[in-house]
Amino acid sequence: MNEATTSKLAASREFISPGFLGATVLVIALFAFWGMSNSLNDVLIPQFRKTFLLGDFASSFVQFATFIGYFLFAIPASLFMRRFGYRAAVVMGLVLFGTGALLFYPAAMLGEYHFFLGALFVVASGLSFLETSANPMIAAMGPAENADQRLNFAQMFNPLGTIAGVFVGKELILSDHHMSPEQIMAMEPAARAAWQASELSAVKLPYLGIACLVLLWAVLVAVAKFPPMARRVADDTAPADGGFAGLLAFPRYWLGVFAQFAYVGAQVGVWSFVIRYTQYNTPGTAEKLAADNLIITLTLFFAGRFVGTLLMSKFRPASLLALFAAADVALCVMAALAGGDFGLYALMATSFFMSIQFPTIFTMSLRGLGTHTKSGSSFLVMAIVGGALIPPLMGLISDASSINLAMLVPAACFAVVWLFGISSRKTAAA
């Protein structure tokens, strides 16, 4: 074995580049940060619904403001990263994230719902920068031979952050007592204003804490020592991309984009209304107690990711995707038609089968695109806008009928994912 081969084998055994453990920890933490931020939305929805006396449609705009921010800033974030490099994009994302979190303070003082939505939009713009840059950055934090292992390890911290976010929201934002809209409206105006100010004040503390943390993280990332590959801009010597027009020749890819849109919408929709579904089917349940079900739901998602990854070593990903999506269709229909405890358990179980769907749809959609892969990736990222559009549709149905029947919407979305999984089984590489 020659010296070059020996050196290469030694490098492949390294998980990260020597001397860059601190920088790697800084980047891995980002995956938990955006998981925590997104899961806090699921707590804000019932909190704002109660405090501002909103319907399900109006309260769902918490998710609309977030995911439309992702959609609008995905391409600008990518262009910024290519121009200034990975680290600059991460620092920009953290600064925007921290700024949006700080805006929760004046929004709470003014007591206006649309100000909170504006703050969430700024937070989402920062998260778009982070998600666009952190994935390729962590891949560049060590030998190319184990980049996939390093990325999968980092992604494990996303659901952990998601669970932590709901726990923080439950303990610091939600109260132990549930008041009906009728009870709130029966209060004297001065008492009602004082109560509303108290409820909104509970939102300030966690977001001020988040702002301090992420702005400190921005400073640490800016001054930390990173490997050259993690600081560099896009490779100008890379082969030219095939362009967007060429994607029209891949109809299965566009079904994948639609499936990703449907999946993200279904996931966000279900998680957004778990607390609401619990309270509707168990009248009198306080938001804080109902949030325990959301924590269980996200824990099932975390467990499903491990189980699904193990199963993929024995089963074709397309077949597994179709099976998991079919299970979610059935569970959402049960939640819509059965209601009660049985319907709640079915709704919570959907997260176990959601676990593999986003990454599997992403990779299978890009399969076979060749030089069009980069262009194809951009549309799959933009498909996250499903999280902005599906929850308001569910809110409309809930306001017109019930939150139970609104679960037929994610059932239809998972049916689209099932169709994509079935169609992908026919490809030789699936």
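The following paragraphs describe the fold, the buried contacts, the salt bridges, the internal cavity and a surface patch of a predicted model.

Because the model is predicted, local features are restricted to pLDDT of at least 70 and side-chain atom pairs to pLDDT 80 or more, whereas totals for chains, interfaces and linings use all residues. Residues are numbered from 1 along each chain as its sequence is written, and side-chain values use heavy atoms, with hydrogens and water left out.

The chain contains 22 helices and zero strands, where helices (H or I, at least four residues) and strands (E, at least two) are DSSP runs numbered from the N terminus. Of the 430 residues in the chain, 52% are buried; here buried denotes under 20% relative accessible area, exposed over 50%, and partly exposed the range in between, with a 1.4 Å probe and protein chains only. The accessible surface of the chain amounts to about 18000 Å², of which carbon and sulfur atoms supply 70%; such areas come from the Shrake-Rupley method with a 1.4 Å probe, and for residues only the protein chains shown count as cover. Among contacts (heavy atoms within 4.5 Å) between residues at least 6 apart in sequence, 85% join residues at least 24 apart.

Two residues of helix H2, which spans residues 21–51, illustrate such contacts. Val-27 lies in H2 and counts as buried because its relative accessibility is 2%. When neighbours within four places in sequence are left aside, Val-27 is in contact with Ala-134, Met-137, Ile-138 and Phe-226. The C-alpha atoms of Val-27 and Met-141 are 9.2 Å apart in space, although the two residues are 114 residues apart in sequence. Gln-47, also found in helix H2, is buried with a relative accessible area of 0%, and outside its neighbours within four places in sequence Gln-47 is in contact with Ile-173, Leu-174, Glu-199 and Val-203.

Seven salt bridges are present in the structure, each defined as a side-chain nitrogen of Lys or Arg within 4 Å of a carboxyl oxygen of Asp or Glu. In one of them, the side chains of Asp-56 and Arg-276 meet at 2.9 Å, N to O. This pair links distant parts of the chain, since Asp-56 belongs to helix H3 (residues 56–59) and Arg-276 to helix H14, 220 residues apart. Both Asp-56 and Arg-276 are buried. Helix H14 (residues 274–281) has seven of its eight residues buried, and is therefore largely enclosed by the rest of the structure; the buried residues of H14 are Val-274, Ile-275, Arg-276, Tyr-277, Thr-278, Gln-279 and Asn-281.

Further salt bridges join helices H9 and H15. The side chains of Lys-170 and Asp-292 meet at 2.4 Å, N to O, and this pair connects helix H9 (residues 157–172) with helix H15 (residues 287–311) across 122 residues of sequence. Lys-170 is buried, with a relative accessible area of 13%, whereas Asp-292 is partly exposed at 26% relative accessibility. Lys-288 forms a salt bridge with Glu-171, in which the closest N and O atoms are 3.8 Å apart; because Lys-288 lies in helix H15 and Glu-171 in helix H9, the pair ties together parts that are 117 residues apart in sequence. Lys-288 counts as buried at 15% relative accessibility, while Glu-171 is partly exposed, with a relative accessible area of 36%. Lys-170, Glu-171, Lys-288 and Asp-292 are linked in a network of salt bridges.

One cavity of 30 Å³ or more is held within the structure, a cavity being a set of points, on a 1 Å grid over the protein atoms alone, where a 1.4 Å probe fits but cannot get out, with lining residues having an atom within 4 Å of a point. The largest cavity encloses about 40 Å³ of space, the volume being that filled by probe spheres set on grid points joined across faces, edges and corners. Its lining consists of Phe-33, Met-36, Phe-97, Ile-210, Leu-213 and Val-214. The elements that contribute two or more residues to this lining are H2 and helix H11 (189–223), and H11 provides the largest share, three residues.

At the surface, Val-333, Leu-337, Leu-405 and Leu-408 make a nonpolar patch of about 330 Å². Patches are made of residues with over 30% relative accessible area and no salt bridge, like charges being joined within 9 Å and nonpolar side chains (Val, Leu, Ile, Met, Phe, Trp, Tyr) within 5 Å. Leu-405, found in helix H21 (residues 403–406), is partly exposed, with a relative accessible area of 35%.

Key: On a 1 Å grid over the protein atoms alone, a cavity is a set of points where a 1.4 Å probe fits but cannot get out, and a pocket is an open set with protein on both sides within 12 Å along at least five of seven lines; lining residues have an atom within 4 Å of a point.
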